[in-house]
Amino acid sequence: MSESPDPDAAPETDALRKIIHVDMDAFFASVEQRDNPELRGKPVAVGGSSGRGVVAAASYEARKFGVRSAMPSVTAKRLCPDLIFCKSRFEAYREASGIIREIFNHFTPLVEPLSLDEAFLDVTDDIHALGSATRIAQAVRKQIFEQTQLTSSAGVSYNKFLAKLASDQNKPNGICVIRPGQGAAFVQSLPVRRFHGIGPKAEEKCKRLGLATGADIAAKEITWLTANFGSFGEYLFRAARGIDLRPVRSTRQRKSVGGERTFHEDQHAPDELRETCERIIDIVWERIERNGAKGRTVVLKLKYNDFTLHTRSKSVPYLVADKDQFAAIARDLLEEEMPLARPIRLMGLTLSSLEGVVKATRKEKAARAAQLDLL
């Protein structure tokens, strides 16, 4: 299940698809370290360092201290006092991403970008006669490094779900191959936290139910899983067996880009709500810029402490292409709701009515993977 010394050993079965998931290693931070040699080997975070700043990306040196994307900058600095903040340079990231995309397209026309720094490739048709999906993945990673001086990790398997899991296995700058017949065993050896869609709360629920690994999930009947997890149980049933028949889609358009935050304690005070709104604005705008999205409608989402959901939206006659415009509309929507009738447990913001093709972000992918779209 890890990289084979001989790429031609145990060749993939022709009857199955051959899927590669390529994920750049700490992409934004790596670009900064590449372009500024003084940053190499040091803990780096891309994002604002102010009190309301949010980490957009973190180098592996910073991740050792627990620094992660979407983390408030003040928290990141507390975890890593020597953390160096760099302002986002999306033009530099897009330039590197464009070179990487051209490399993908050289090897296959079936490329499904997920964000600037990762994509699925269907290489079932070996157009350059390299001999195996493993060799293609090695060639892709080699060309990426030669042309961008950036490292990447790759997962190779016979479906998207397994390829994505594999690309995370040997990061950074690694490759992992899950061959036909190995998928179920690989998934069942993983802790439940590695399953897409299982966050901290779902992990706690799994532990209460005695589910620590994929094998524990695979041992349960689908009726038991659906009784305890609802429709999510059907996803778990298939995922624990390594089942995923979704094709690689080379053209995919999203209708919205957004983000939300669930509170540890219900919020009601206006100042707390405004502060939360500012943090979500920062997070969502980073995703909007990452995807190159432009839209006309901003949506505010509130979930009250009784779990009722309320949304309010505002559409404008122009494309929202500036963070100040997006923030002003979001703030107006929140002010129109205050004072709140009762405390809320969740707040979210979305930009919709998009123009152009917009790819899904890493966290949106994880949420989407929890839905019943595996078959």
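Helices and strands in these views are DSSP runs, numbered from the N terminus; a helix (H or I) has at least four residues and a strand (E) at least two. Welcome to a set of close-ups of a predicted model.

**View 1. Asp23 and Asp117 share a UniProt annotation.** Let us begin with two aspartates that an unreviewed UniProt entry covers with the annotation "binding site". They are spread over 95 residues of sequence, yet they cluster in space, with a largest C-alpha distance of 6.0 Å. From this set, Asp117 takes part in the lining of the second largest cavity. To find the pair, look for aspartate 23 in strand β1, which spans residues 19-24, and for aspartate 117 in the loop that runs between β5 (111-115) and β6 (118-122). Aspartate 23 counts as buried because its relative accessibility is 3%, where buried means under 20%. Aspartate 117 has a relative accessible area of 6%, so this residue is buried too.

**View 2. Glu118 carries the annotation "active site" in UniProt.** This label also comes from an unreviewed entry. Glutamate 118 belongs to strand β6. Is glutamate 118 buried or exposed? It counts as buried, because its relative accessibility is 2%. Its side chain has a partner to look for: a polar contact of 2.8 Å joins the side chain of glutamate 118 to the side chain of histidine 21.

**View 3. Phenylalanine 27 and tyrosine 93 form a tilted aromatic pair.** The count for the model comes to 9 aromatic pairs. In the pair shown here, the rings of phenylalanine 27 and tyrosine 93 are 6.5 Å apart, centre to centre, with 55° between their planes. The two residues come from distant parts of the chain, 66 residues apart: phenylalanine 27 is in helix α1 (residues 27-35) and tyrosine 93 is in helix α4 (residues 90-107). Phenylalanine 27 and tyrosine 93 are both buried. Widen the view a little and you will find a cluster in which ring pairs link Phe27, Phe28, Phe90 and Tyr93.

**View 4. Glutamate 102 is an exposed residue of helix α4.** Here we stay with α4, the helix that holds glutamate 102. Why is glutamate 102 called exposed? Its relative accessible area is 59%, so it counts as exposed, a word that calls for over 50%. Isoleucine 144 is 42 residues from glutamate 102 in sequence, while their C-alpha atoms are 9.8 Å apart in space.

**View 5. Arginine 63 and lysine 220 each lie over the face of a ring.** For arginine 63 the ring is that of tyrosine 60, with 4.4 Å to the ring centre. For lysine 220 the ring belongs to tryptophan 224, and the distance to the ring centre is 4.5 Å.

**View 6. Helix α6 is mostly covered.** Of the 10 residues in this helix (residues 160-169), 8 are buried. Among them are Lys160, Phe161, Leu162 and Ala163, along with Lys164, Leu165, Ala166 and Ser167. What caps the N-terminal end of α6? Asparagine 159 does, with a side-chain oxygen 3.2 Å from the backbone nitrogen of phenylalanine 161.

**View 7. Strand β2 is covered on both faces.** A general point helps in reading this view: side chains in a regular strand alternate between the two faces of the sheet. In β2 (residues 44-47), Val44 and Val46 are on one side, Ala45 and Gly47 are on the other, and all are buried. Strand β2 runs parallel to strand β4 (residues 84-86), joined by 3 bridges, and valine 44 stands opposite isoleucine 84 of β4. With strand β3 (residues 55-58), β2 runs antiparallel, again joined by 3 bridges. Look there for glycine 47, opposite valine 55 in β3.

**View 8. Strand β12 pairs with β9 and with β10.** Our last stop is β12 (residues 344-355), a mostly covered strand with 9 of its 12 residues buried. It pairs with strand β9 (residues 256-267) over 8 bridges in the antiparallel sense; threonine 262 has leucine 346 of β12 as its bridge partner. Strand β10 (residues 294-304) is also antiparallel to β12, over 10 bridges. In this pairing you can look for lysine 301, whose bridge partner in β12 is glycine 348.

Key:
Residues numbered from 1 in each chain as written. Predicted model: local features only at pLDDT ≥ 70, side-chain atom pairs only at ≥ 80, totals over all residues. Heavy atoms only, no water. Phe/Tyr/Trp six-rings, centres within 6.5 Å; stacked < 30°, edge-to-face > 60°. Buried < 20%, exposed > 50% of the residue type's maximum accessible area, 1.4 Å probe, protein only. Lys NZ or Arg CZ within 6 Å of the ring centre and 35° of its normal. UniProt positions renumbered as here; feature names shortened; annotations may be inferred. 1 Å grid on protein atoms, 1.4 Å probe; cavity = no way out; pocket = protein on both sides within 12 Å on 5 of 7 lines; lining within 4 Å. Polar contact = N/O pair within 3.5 Å; in protein donor to acceptor, adjacent residues only side chain to side chain. Pairing = 2+ DSSP bridges.
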